[in-house]
Amino acid sequence: MYPPKHHQEYNIENIKKVALEYPFATLVSAKEKTPFVTHVPLVFHNDKLVGHIDKNNPHVELLKDNYPVTAIFQGPQTYISPSIYTTKSLPTWNYIIAHARGIVKEIKDSDIIKRSIVTMTEYLEAPNHRFVLDHNDERMDRFINYIHGFEIDIQHWEGKFKLSQDKVPADIENAKQELIKNNQNNIEDFVNQLFKNHF
């Protein structure tokens with residue numbers, strides 16, 4: 001990702017936390033000059049990222065055979081108004097982003113794919129586990145032939161945490177509170193309007 005250096009995150013564990021907390025990834029591959037982009041949840045298993053997509057997705061062609069791929073995880077982000085700062089500044093946008101670059105391998109064994117789906121469900125249902133997916137659920141047997149399973153062997157992590165690091169401590173704190181507040185805002189009106197327009 002583009003510098004400046006003071007926005008780069010070098011602590012790998014901090015970068016991985018973004019992927020753990022925000023597992024809905026943007027998966028990017030390229031063939032010649034054509035980009036392929038798919039949005040998909042990815043979870044860690046044995047320090048690899050594991051996921052699955054519809055077999056009819058044209059991206060499937062590039063999600064096997066040790067093909068290079070990048071997974072992008074977007075954490076909280078928000079517009080920052082200069083009005084929150086104690087010093088004069090210009091408007092900006094703060095965000096937390098993690099990139100995982102690696103090579104991808106197809107998972108062909110249907111039993112391993114089913115286990116990965118069970119593992120993903122367990123992770124996403126935490127901590128309350130209101131639903132438990134049984135490995136022997138017959139619905140999975142009907143579903144399994146229509147999905148492409150894959151795992152990403154991560155070769156490089158990169159993080160960009162733009163958090164007003166170039167500001168005075170009071171303004172860094174103000175920007176942090178703005179990031180928290182704006183990501184906790186009630187989205188009810190927005191979602192209701194989208195549903196109304198869509199359906």
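Buried, throughout this tour, means under 20% relative accessible area, exposed means over 50%, and partly exposed is what lies in between, with a 1.4 Å probe and protein chains only. The model is a predicted one, in which local features need pLDDT of at least 70 and side-chain atom pairs count only at pLDDT 80 or more, while totals for chains, interfaces and linings use all residues. Residues are numbered from 1 along each chain as its sequence is written, and side-chain values use heavy atoms, with hydrogens and water left out.

**The whole chain**

Begin with a cartoon of the protein chain, whose secondary structure comes to five helices and eight strands; helices (H or I, at least four residues) and strands (E, at least two) are DSSP runs, numbered from the N terminus. Following the cartoon along the sequence gives the pattern β-α-β-β-β-β-β-β-α-α-β-α-α. The C-alpha trace spans about 60 × 40 × 35 Å along its principal axes. Of the 199 residues in the protein chain, 37% are buried. Among contacts with a separation of 6 or more, 73% are between residues 24 or more positions apart, a contact being heavy atoms within 4.5 Å. If you switch on a surface, its accessible area comes to about 12600 Å², and 53% of this belongs to carbon and sulfur atoms; accessible areas come from the Shrake-Rupley method with a 1.4 Å probe, and for residues only the protein chains shown count as cover.

**Helix H1**

Select next the buried residues of H1, namely Ile 15, Lys 16, Val 18 and Ala 19. These residues lie on the same side of H1, because the arc that they cover around the axis is only 145°, where the arc is that of the directions from the helix axis to the C-beta atoms. Showing their surroundings brings up the cover over these buried residues, which includes strand S1 (8–9), S4, strand S6 (67–80), strand S7 (92–107) and S8. At the start of H1, look for a side-chain oxygen of Asn 11, which reaches to within 2.9 Å of the backbone nitrogen of Glu 13.

**Salt bridges**

Nine salt bridges are found in a search of the whole structure, each being a side-chain nitrogen of Lys or Arg within 4 Å of a carboxyl oxygen of Asp or Glu. Stay with H1 for one of them, in which the side chains of Lys 16 and Asp 47 meet at 3.4 Å, N to O. This pair links distant parts of the chain, 31 residues apart, with Lys 16 in helix H1 (residues 12–21) and Asp 47 in the loop between strand S4 (43–45) and strand S5 (48–54). Lys 16 counts as buried at 15% relative accessibility, whereas Asp 47 is exposed, with a relative accessible area of 51%.

Move on to Lys 48, whose side chain meets that of Glu 151 in a salt bridge (3.3 Å, N to O). Because Glu 151 lies in strand S8 and Lys 48 in strand S5, the pair ties together parts that are 103 residues apart in sequence. Glu 151 counts as partly exposed at 23% relative accessibility, and Lys 48 is partly exposed, with a relative accessible area of 23%.

For a salt bridge within a helix, select Arg 115 and Asp 111, whose side chains meet at 2.7 Å, N to O. Both residues lie in helix H2 (residues 110–125), four residues apart, about one turn of the helix. Arg 115 is partly exposed at 43% relative accessibility, as is Asp 111, with a relative accessible area of 30%.

**Ser 164 and helix H4**

Now centre on Ser 164, in the loop between strand S8 (147–162) and helix H4 (169–184). Ser 164 is buried, with a relative accessible area of 3%. Leaving aside residues up to four places away in sequence, Ser 164 touches Tyr 85, Asn 94, Ile 172 and Ala 175.

Lys 181 is also worth selecting, in helix H4, where Lys 181 counts as partly exposed at 43% relative accessibility. A C-alpha to C-alpha distance drawn from Lys 181 to Lys 114 comes to 39 Å, for residues that are 67 apart in sequence.

**A nonpolar patch**

End the tour with Ile 187, Phe 190, Leu 194, Phe 195 and Phe 199, which make a nonpolar surface patch of about 620 Å². Patches are made of residues with over 30% relative accessible area and no salt bridge, like charges being joined within 9 Å and nonpolar side chains (Val, Leu, Ile, Met, Phe, Trp, Tyr) within 5 Å. Phe 190 lies in helix H5 (residues 188–198) and counts as exposed at 55% relative accessibility.

Methods: A polar contact is a pair of N or O atoms within 3.5 Å; within protein, one must be able to donate a hydrogen and the other to accept it, and residues adjacent in sequence count only if both atoms are side-chain atoms.
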